[in-house]
Amino acid sequence: MTVETTTLATAALILLVLLLVLGGVAKIATAGTDAEPGGLTRLGPAMLVPERWRKPMLIFCACVEITLATGLLFTRNPLPRWGTIAFFSVATYVLWELRRRRPDVGCGCFGEASGSPVGLRSIGRAVALTAMAVAVALVPVSGAEVLSGLSLDLAIALAAGVVLLSLLSPELEEAIARVRYRAPCEQRPVPAARALSRLRSSSEWRSHTALLVSVEPEDTWRELCWRFFVYPGRTAAGAKAEVVFAVYLSGRRPAVRVAVVGADGNDGTLHESMGISAAR
Amino acid sequence: MGVERRYALASAALGRSGVPPQAAVEERPALSAVTGEILDISPHLVVLANSEGVEERLVIAPWATAWHGRPVAPAELPVGARVVVRARQSGRVAERLWGDITRITGVILELGKERRDLTVELDCGPHRGRRTVVIPYGASGRLRVRHPQLEPGFLFDAIGTRMEGTTFARLPATSQPAYRATAVPPPPPAYGGIQSRISGAAAWSDAFDDGEAGVAYPMLERTDSGCEDAGISCTGLPYLALGSMLYVGNVCEGRALVLPIIACGCVAGRFCDRCVECGTSPRGRIVELSPVSFVELGGDLAKGCFNARVGLG
């Protein structure tokens, strides 16, 4: 019986540490990307505090989580154990309150990934984690037991815990949806340097390098899923020309198109009204 | 190298026609926009000097209306006013005139008071710089109803007049977004791929050269456009470049044009408003037109927007 409680507590410890670390890292990552507008508009308990406190609150929360995880893993001190119980009990209350006061915002438990509104599942997960924290406080296990107590029982207990938490995690569906339906290539920012390296490894580049006068592009721009690079060059006959490469921005070995346009080329057909001045 | 060659070069690389496509020919009589300074005006005739100093004489239609801070009769426009005219019959008959009209769109930086009038300093984007606007006491009620948060950091969009170097805001061009300019809501996830035509609201801006046709588009790559604020929009817009040809359709009037992208619409992308010119448009300001293009597409400058549909030309 004692062995079983220790095994259960060890499994609970592993899960707690894992979730605390994941949550902390995800929150810090979200707080860090706030340079982009709209980062914290939909997130969790931070919504309950005034706007200027949102980011410090998120970072504070992440620090507490990582401290608790470290304390649980490396010490047998009761302080992080009771701290974890307090943390998840407060989290349960805050989620309940959040669901009542702001039904539109997500729980923010894993930063940006937890954008869907707080439901009973998120609250159920907080309750389950509180119960696990109680188990870890009653049977004070630490990282040492994890290493010494590796067994089939532990694996089964761990698997059961993972299944329980997965069922209670709305983030998982969101993650699967994000993997399945990525934003179309036309809407994804793609750095020019990546397209350039794809271009340089293509056979079109190798077959046209002889025509180029310079290896630095004189102009580059992006239209939908294509990025264009223009190089000063010469035609096979030696006349001045421009070599245009178009690189598709999706896939590992993307399509590359190329054209050599003479200086007097087919550019006399441009739109009459096209003046560029307001741009700069 | 100028971006005006981009279309031809891209067409050569992708093997498409080098001639920019034109919107389908419409049955409605074409509109044209004329801009200039009034040299002389009477109830039936207006004489303008355009940006090259050439005189143009337009007949004023009997049904014509004018705007100069408020609706006025065409003959009441003062001599010397800069006007944008919507004309028919290949630009010979004026039917709507806007005098000294300007649009002030930006992020509020500072507020001040000058006797009973309010002054607002705005950041109009990296290419457009800062502008100071006076909100006359008489217009402040109308503006504040739709701009409840006149505070630094919030967006401002109004239509007004520019006289003797001073800009006066007269009408709100939209309802102020409730969020700060730095907290634009993210676009909805684009499950199931991109559409070839995207609907939303089209606005106009006077940050273009006189008589220039073209659009400012928010979704440009930052490194290509040299605009640090580009690439933000609350609609799922595809990335395009300066020099791309954009199809812009006015849903209300059934008119369409293919126009070049000539500027970065960094401020336009931050507005998540709807246009209610004819029905309610989907959320998001997708394009900002030059006054001439806006008028040629049948828009009313004093109303400030029309329901639009855009796509790559």
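## A walk through chains A and B

Start with chain A: of its 280 residues, 35% are buried. Keep in mind as you click around that this is a predicted model.

**Stop 1: chain A as a whole.** Colour chain A by secondary structure and you should find nine helices and four strands. Follow the chain along its sequence and the order reads α-α-α-α-α-α-α-α-α-β-β-β-β. If you switch on contacts, take those between residues at least 6 apart in sequence: 63% of them join residues at least 24 apart.

**Stop 2: helix α3 of chain A.** Select residues 78-101. How far apart are the end C-alpha atoms of this helix? They are 34 Å apart, and that agrees with the 34 Å that 24 residues should span at 1.5 Å a residue. Now show side chains for the buried residues of α3(A): Pro80(A), Arg81(A), Thr84(A), Phe87(A), Phe88(A), Ala91(A), Leu95(A) and Leu98(A). While you look down the helix, a reminder: an α-helix has 3.6 residues a turn, so residues three or four places apart point the same way.

**Stop 3: two positive phi values.** Most residues other than glycine have a negative phi. Jump to Leu224(A), where phi is positive, near 50°. Leu224(A) sits in the loop between β1 (219-223) and β2 (226-234) of chain A. Is Leu224(A) buried or partly exposed? Count the other C-beta atoms within 10 Å of Leu224(A) and you get 18, so this residue is partly exposed.

Next, hop over to chain B and pick Asp100(B), another non-glycine, with a positive phi of about 55°. Asp100(B) lies in the loop between β6 (93-99) and β7 (101-114) of chain B. Here 22 other C-beta atoms fall within 10 Å; a residue counts as buried at 20 or more, so Asp100(B) is buried.

**Stop 4: strand β14 of chain B.** Select residues 245-250 of chain B. Five of the six residues in this strand are buried, so β14(B) is largely enclosed by the rest of the structure.

Add residues 255-264, which form β15(B): the two strands pair in the antiparallel sense over six bridges. To see the pairing, centre on Gly249(B), which stands opposite Ala256(B). The hairpin has four residues between these strands, and Gly254(B) there takes a positive phi near 70°.

Finally, bring up β17(B), residues 305-312, which runs antiparallel to β14(B) and is joined to it by five bridges. Zoom in on Leu246(B) and you'll find Leu312(B) of β17(B) opposite.

Methods:
Residues are numbered from 1 along each chain as its sequence is written. Chains are lettered from A and ligands numbered from 1 in the order in which they are written. This is a predicted model: local features need pLDDT of at least 70, side-chain atom pairs count only at pLDDT 80 or more; totals for chains, interfaces and linings use all residues. A residue is buried if 20 or more other C-beta atoms lie within 10 Å of its own, exposed if 12 or fewer, and partly exposed in between; C-beta atoms are placed from the backbone. Two residues are in contact if their C-beta atoms, placed from the backbone, lie within 7 Å. The expected span of a helix is 1.5 Å times one less than its number of residues. Two strands pair if DSSP finds at least two bridges between them.
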